[in-house]
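Me: I have a model open and would like a close look at a single part of it. Could you walk me through one helix and what surrounds it?

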Amino acid sequence: GKEKTRAGGRATAVPDVFPIVGIGASAGGLETVTQFLKHLPDRPGMAFVLVQHLDPTHESALASLLSRATSMEVTEAKNNTRLQPNRMYVIPPNKVIGVVDRRLRVSPRKSIKDIHAPIDHFFESLAEQEGSRSIGVILSGNGSDGTRGLLAIKSAGGITFAQDEKSAKYPGMPASAIASGCVDFVFPPDRIARELK
């Protein structure tokens, strides 16, 4: 495959090569992500970006709800924020999110009528930027958003997880990813959290 070499041994000079974990969820996501967070260590040494399907017309309370489940800081993603380890960033309503040079790119959703696939969008951006360091997790939700993104992470040499269908309240999204053959590990959310350590 095409290996991108890091210019001038940059990896040693830059201490911030912690993994970035993309998490995609939709219906049933709050409970699932809460369970996931409760089983992570206090300082997992990774940055987590949660792309959850949200009602585009309402303010989201997701960040404050999730912060009760973890000692990590949970904040709503803001454009141009430099990712930090031991934090979770949550997509704002009616936005799409990507990553460039380890900074978040938050932009308005194109149109309500377009097929909205914010998880694919973020995962594809993560795969392109982080290559084999990228980690993608698909949790409870309906539909197939995230499958294309996990395929991108898998083909970049990253690691892919999906929630097992038994533990997912809405197994559509994980089932779609699993059926596509791009998932390395299929576990309940608490086990995914433990595997990431």
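Reply: Here is a tour that starts at helix α6 and moves out to the cores and the empty spaces.

A word on ground rules: this is a predicted model, where local features need pLDDT of at least 70, side-chain atom pairs count only at pLDDT 80 or more, and totals for chains, interfaces and linings use all residues. Residues are numbered from 1 along each chain as its sequence is written, and side-chain values use heavy atoms, with hydrogens and water left out.

Helix α6 spans residues 172–179, and its buried residues are Met173, Pro174 and Ala177. Buried here means under 20% relative accessible area with a 1.4 Å probe, protein chains only; helices (H or I, at least four residues) and strands (E, at least two) are DSSP runs, numbered from the N terminus. Those three sit on the same side of α6, because they cover an arc of only 95 degrees around the axis, taken from the directions from the helix axis to the C-beta atoms. What do they pack against? The buried residues of α6 pack against β1 (20–25), α4 (118–130), β7 (135–138), α5 (147–155) and β8 (159–163). Just after α6, Gly181 takes a positive phi of about 80 degrees.

Now for the cores. A nonpolar core is a set of buried Ala, Val, Leu, Ile, Met, Phe, Trp, Tyr and Cys residues joined through side-chain atoms within 4.5 Å. In the largest one, with 27 residues, Val49, Leu83, Ile97, Leu104 and Phe122 touch the most other members. Helix α6 is among the elements that give two or more residues to this core, along with β2 (47–52), β5 (95–100), β6 (103–108), α4 and α5. The largest share, 5 residues, comes from α4. Leaving aside neighbours within four places in sequence, Phe122 is in contact (heavy atoms within 4.5 Å) with Gly22, Val49, Val51, Ile97, Gly98, Val99 and Leu104. Another core, of 26 residues, lies apart from this one and includes Val21, Phe36, Met88 and Phe187.

Helix α4 turns up again at the second largest pocket, where it gives the largest share of the lining, 3 residues. Of the 13 residues that line this pocket, the closest to its centre are Val96, Lys110, Ile115, His116 and Ala117. A pocket is an open set of points on a 1 Å grid over the protein atoms alone, with protein on both sides within 12 Å along at least five of seven lines, and lining residues have an atom within 4 Å of a point.

Methods
Buried means under 20% relative accessible area, exposed over 50%, partly exposed in between (1.4 Å probe, protein chains only). On a 1 Å grid over the protein atoms alone, a cavity is a set of points where a 1.4 Å probe fits but cannot get out, and a pocket is an open set with protein on both sides within 12 Å along at least five of seven lines; lining residues have an atom within 4 Å of a point.
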